[in-house]
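I opened the notebook today to go through the charged pairs and the nonpolar surface of this chain. The entries below follow the order in which I looked things up.

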Amino acid sequence: QVDAVRVYVNSSSENLRYPVLFVVRQQKGVLSWQVPLIFRGLYQRTYNYQEVSRTLCPSEPTPETRPSDQIIFVDVASMAPFNIAYELLVTRLENFQLETNKAFNFTASPSQPQYFLYKFPQDVDSVIINVVSDAAYPCSVVSVQDIVCPVYDLDHNVEFNGVYQSMTKQAAITVQRKDFPGEQFFVVFVIKPEDYACGGSVPSSIHGNVNRTWNLQRTKNLQVTIVPSIKKSVYVQAMFFSFLSFLSFYLGSVVVAFVHYIRVQRKASAGILSPEHGSGMMTSSHPISASTPEGSSYGAIDESSSSGGRQLSSPERRPPAGSDTDSSVEEESDFDTMPEIESDKNIIRTKVFLYLSDLSRKDRRIVSKKYKIYFWNIITIAVFYALPVIQLVITYQTVVNVTGNQDICYYNFLCAHPLGVLSAFNNILSNVGHMMLGFLFLLIVLRRDILHRRAMEMKDIYTLDYGIPKHFGLFYAMGIALMMEGVLSACYHVCPNYSNFQFDTSFMYMIAGLCMLKLYQTRHPDINASAYSAYASFAVVISLAVLGVVFGKNDMWFWVIFSMIHVLASLALSTQIYYMGRFKIDGPDSDLGIFRRAVMVLYTDCIQQCSRPMYMDRMVLLIVGNGVNWSFAIFGLVYRPRDFASYILGIFICNLLLYLAFYIIMKLRSSEKLLPIPMFCIVATAVVWAAALYFFFQTLSSWEETPAESREKNRPCILLGFFDDHDVWHFLSAAALFFSFLVLLTLDDDLDTVRRDKIPVF
């Protein structure tokens, strides 16, 4: 048992010009202070304490010298020209050494800090120091320091050594045996003279009063408990669980692919293979005739009579499959092979009833190349984005490890398991699902792409007009985005804080945007946005998210500007969607022609046809969509939510869910079917997203608050003693995104045997 001595001094003098000086000399150190003891706060405020109590650095006797006496000299001096009364009391601490799994209660104040000794038991390699208090204030600091004298236990020097974190009601520090060669350490508790560091305010009553004493006003009752942390075997179990959980998705995909292969072989042997399954054989259920029954292609433009003058068998219309390469010599202008006759486009795209054949008139090979730009561009973006991110978070982690300042990173300290230089390995490991499932989705898309290419090579040239046009570029981009979300989320959780929040959200915006683009591209392959404009739009959104976090807390002007941008962007996009990209505000050379055109369109399309719009389905979708977006804009303007990044993400997700619901409803309304696989994926998506969002809203930390306030939200692990609620969110959100992607990939598989002039556009 280590003996420790505590010295208490008190002086009734409040004369700052002639303080009483106390110097304690020990065998290996000197400790000194003055009474009144002065602490400096914000804006040079001073706080004076006449009662001071300090624990002397203990000297543990060696086996050769036991028993030994500690010789201590206490020198008292003052330059005052008059006598000053003081009180000196030296006591021996009975409970200086903390025990494992045993709570210990004590009281501390700014002038009476406390520290205690802890020794690692033989079978414990890591412990968690849990400190709790019933009162949030006064603000305090918990520090872990090596057995070195002097011990830094005052507000102005507690940050000079060891690991430390500020505290209101709760603090937790994980300590590993390997970091302390002597297998023991001091736990230091310091009360700060002011609360601003913990989110509190400076008392207004002390302005201009520099001589007020604070002996009794800032005491805090604390309870410390040191418990063993997890063993190395738990790390191994957690890693096995993480990888095996998502490897099961690979196994399930192999099983589904094998079952599909068996069914295809059986159909091939029976001679009833559908066009998309890679055979040239056709049955009577897929007739190809020059004419169709009256009304069967209602509203569609006849292929041979269109102004483009295309013939199905022309070389320009159907190039050989082998020529579908990824040559980069084509420019963007080469992609639009539809004849540039504005009247032709206006006639086709502004019909009341549109079919897929009307919006898939461009050359398949060139359009496919256009969508592959999404894939190559997102790889470029990912590389240039990820490299500086990785470098920055490594720097953050290095600063945390070198300085010991655990207020830099906003972890869930009650469930932060270090590994190597990483402070919270569990938060990084839980992102493996995004990377593994993103790669699996790429493999699934690649398989579909290969099967489609083979089918194109084998079957009759006329069967190319069946089903949804197969362009896989956006799917590849979605897979890369899912993998990068895992990488950047892991980087963010190396040291989550205010400065790097966008690492965790940037690719979330891109995933939501790519999903909406893919859903729109399905039945509008010729008029979807280009990769350049899409990624430029994502860049604008990410820039707005950064500005919102910086200015959105208190500045009303930002919310006014953002709400206006949001509403105007919704109206502009709605106009383009409603008119299939054929809306143009043009007129005479004068600027007044623009406004005249706008007023005319508003009168003819909105007022005259208010009771029965020309495109009813699109109008219903856009009215609901604008209502949702305007509601978001009004909500943001009125309430100004603090978490602006999540607010933006909520806008994206709500728009995506609204469009997906509209698409599925219209699909069923058009007498189309949902096959078992997409139906299973839809149900799985809904269930997993619901579970994931439950864990997402279990807030465990918040970089919008001070580090001490954020730690009040910390909770223990809930899965395997290794993962917390946010880790479970990572697992479930990865699975939910994967199923969501599969919904988009398989939703229209039922149309593979349907002619495109029978597939409606909505």
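Is arginine 711 buried or exposed? I am working from a predicted model, and in it I find arginine 711 at 1% relative accessibility, so I enter this residue as buried, the cut-off being under 20%.

**Entry: the partner of arginine 711.** I looked next for what the side chain meets, and I found a salt bridge with aspartate 407, with 2.4 Å from N to O. The pair links distant parts of the chain, since arginine 711 belongs to helix 14 (residues 707-711) and aspartate 407 to the loop between helix 3 (364-403) and helix 4 (425-429), 304 residues apart. I also checked aspartate 407, which has 19% relative accessibility and therefore counts as buried under the 20% cut-off.

**Entry: aspartate 155 and lysine 192.** I then turned to another salt bridge, in which the closest N and O atoms of aspartate 155 and lysine 192 are 2.7 Å apart. I placed aspartate 155 in the loop between strand 12 (140-145) and strand 13 (163-167), and lysine 192 in the loop between strand 15 (184-191) and strand 16 (220-228), so the pair ties together parts that are 37 residues apart in sequence. Both aspartate 155 and lysine 192 are buried.

**Entry: lysine 667 and its network.** Here I noted a salt bridge between lysine 667 and glutamate 672, whose closest N and O atoms are 3.0 Å apart. Lysine 667 is buried at 0% relative accessibility, and glutamate 672 is buried as well, with a relative accessible area of 10%. I followed the shared partners further and found that salt bridges join Arg523, Lys667, Glu672, Asp748 and Asp750 into one network. For the record, I wrote down that the salt bridges come to 19 by the rule used here.

**Entry: the nonpolar surface patch.** Leaving the charged pairs, I asked which residues form a nonpolar patch on the surface. I listed Tyr498, Leu547, Val550, Phe551, Trp557, Ile561 and Ile565, which together have about 610 Å² of accessible area. The elements that give two or more residues to this patch are helix 8 (531-551) and helix 9 (556-578).

**Entry: phenylalanine 551.** I looked up one member of the patch separately, and I found phenylalanine 551 in helix 8. With a relative accessible area of 31%, phenylalanine 551 is partly exposed, and this value passes the patch cut-off of over 30%.

Notes. Residues are numbered from 1 along each chain as its sequence is written. This is a predicted model: local features need pLDDT of at least 70, side-chain atom pairs count only at pLDDT 80 or more; totals for chains, interfaces and linings use all residues. Side-chain values use heavy atoms; hydrogens and water are left out. Patches are made of residues with over 30% relative accessible area and no salt bridge: like charges are joined within 9 Å, nonpolar side chains (Val, Leu, Ile, Met, Phe, Trp, Tyr) within 5 Å. Accessible areas come from the Shrake-Rupley method with a 1.4 Å probe; for residues, only the protein chains shown count as cover. A salt bridge is a side-chain nitrogen of Lys or Arg within 4 Å of a carboxyl oxygen of Asp or Glu. Helices (H or I, at least four residues) and strands (E, at least two) are DSSP runs, numbered from the N terminus. Buried means under 20% relative accessible area, exposed over 50%, partly exposed in between (1.4 Å probe, protein chains only).
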